[in-house]
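Dear colleague,

I am handing over the structure we spoke about, and below it you will find my notes on what I found. Please read them with the coordinates open.

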Amino acid sequence: MTEPAKRGPGRPRDEQNTERRRRELIAAAYRVFTTKGYAAASTADITAEMGIGYGTFYRYFDSKRAILDEVVDYGLDRLLTEIAGDVFEPALLDREFTIEELIQTWSGAVERMCHIAESDPALMNAMLFELPGIDDELNTRILGLGGVLAATVDRFLSRAVDSGVIRDDVDTGEVSWMLLALTIPPVMRTLQGRGGSDRRAYIDSAIAVLTPGLRALQPETD
């Protein structure tokens, strides 16, 4: 009698299949929620999207609300991966940079967000308008993400203050939240169907205000 074949290194096949099916369910729920809306969607819609039975869904998740947290993580990962790019590239913090580069970093993030709003408006609508308000737990998670982003921007701005690029009499924590807030209007206008020229006009106007407001004060000369 031959010995059973030994599995190579890595996760057992059953565990790999379980994780794969779980990811497929999350992706299907994401498509359903962003297409129909969370409130109108049902677990039946998710199982129909995958062509599976109810029993398969309930082996992985207890309810529609249980899979929502995973869908939010899935969507946020997409957003952050596409938006971030080289915005917070550590190398930028390891060298001297100018106020113009700093402002370009912000405007690059705005352009990326608007690109997502153009290419996947359902995702942006869900994250901005539908998901906030479903319940307090989800609101706390979304606000917590905003806090994490603001803290990251704050570290970036603090480095700019230390480099003498930004004036040292501004509260970088407050400015971080302001910059995050300034990214929302062009995204909303993109969702309304306004084009690139409208977005560029908004960014140019914001830069005209931000640049002199943040630029380090130059010493007066006699």
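Of the 222 residues in the chain, 36% count as buried, and the accessible surface comes to about 12900 Å², with 54% of that area belonging to carbon and sulfur atoms. Please bear in mind throughout that this is a predicted model. The chain has 11 helices and zero strands, and among contacts between residues at least 6 apart in sequence, 72% join residues at least 24 apart.

A word on confidence comes before the details. The average pLDDT of the chain is 82, and 85% of the residues score at least 70. Helix α2 (residues 43–50) has the highest confidence, at a mean of 93, whereas helix α5 (residues 90–93) has the lowest, at 53. Over residues 1–8 the pLDDT stays under 50, and the model has two contacts beyond four places in sequence for that stretch. Where pLDDT is low, the predicted coordinates should not be read in detail.

Next, the interior. The largest nonpolar core holds 51 residues, and those that touch the most other members are Phe33, Ile46, Ile67, Leu79, Trp106 and Ile166. At least two residues of this core are supplied by each of α1 (13–36), α4 (64–84), α6 (99–119), α7, α8 (136–162), α9 (172–182) and α11 (196–214), and α6 gives the largest share, with 10 residues. In soluble globular proteins, nonpolar side chains tend to be buried together.

Two of the helices show a clear sidedness in their buried residues. In helix α7 (residues 121–130), Leu123, Met124, Ala126 and Met127 are buried; because these four cover an arc of only 160° around the axis, they sit on the same side of α7. Three of them, Leu123, Met124 and Met127, are touched by Leu79, which also touches Ile116, leaving aside residues up to four places away in sequence. In helix α10 (residues 184–191), the buried residues are Pro186, Val187 and Thr190, and they fall within an arc of 100° when seen down the axis, so they line one face of the helix. The general background is that an α-helix has 3.6 residues a turn, so residues three or four places apart point the same way. The cover over the buried residues of α10 includes α6, α7, α9 and α11, and α10 is followed by Gly193, whose phi is positive, near 100°.

Leu210, in helix α11, is worth selecting in your viewer. Leu210 counts as buried because its relative accessible area is 13%, below the 20% cut-off. Not counting residues up to four places away in sequence, Leu210 touches Ile103, Trp106, Leu179 and Leu182. Of these partners, Ile103 is 107 residues away from Leu210 in sequence, yet the two are 7.8 Å apart in space, C-alpha to C-alpha.

Finally, which residues does Asp135 meet through polar atoms, starting with its side-chain contact of 2.6 Å? Asp135 is found in the loop between α7 and α8, and its side chain makes that contact with the side chain of Arg65. A polar atom of the Asp135 side chain also lies 3.3 Å from the backbone nitrogen of Glu137. Asp135 itself counts as partly exposed, because its relative accessibility is 24%.

With best wishes

How values were computed:
Residues numbered from 1 in each chain as written. Predicted model: local features only at pLDDT ≥ 70, side-chain atom pairs only at ≥ 80, totals over all residues. Heavy atoms only, no water. Buried < 20%, exposed > 50% of the residue type's maximum accessible area, 1.4 Å probe, protein only. Arc of directions from axis to C-beta. Contact = heavy atoms within 4.5 Å. Areas by Shrake-Rupley, 256 points an atom, 1.4 Å probe, with all protein chains shown as cover. Core = buried A, V, L, I, M, F, W, Y, C linked by side-chain atoms within 4.5 Å. Polar contact = N/O pair within 3.5 Å; in protein donor to acceptor, adjacent residues only side chain to side chain. pLDDT = per-residue confidence, 0-100.
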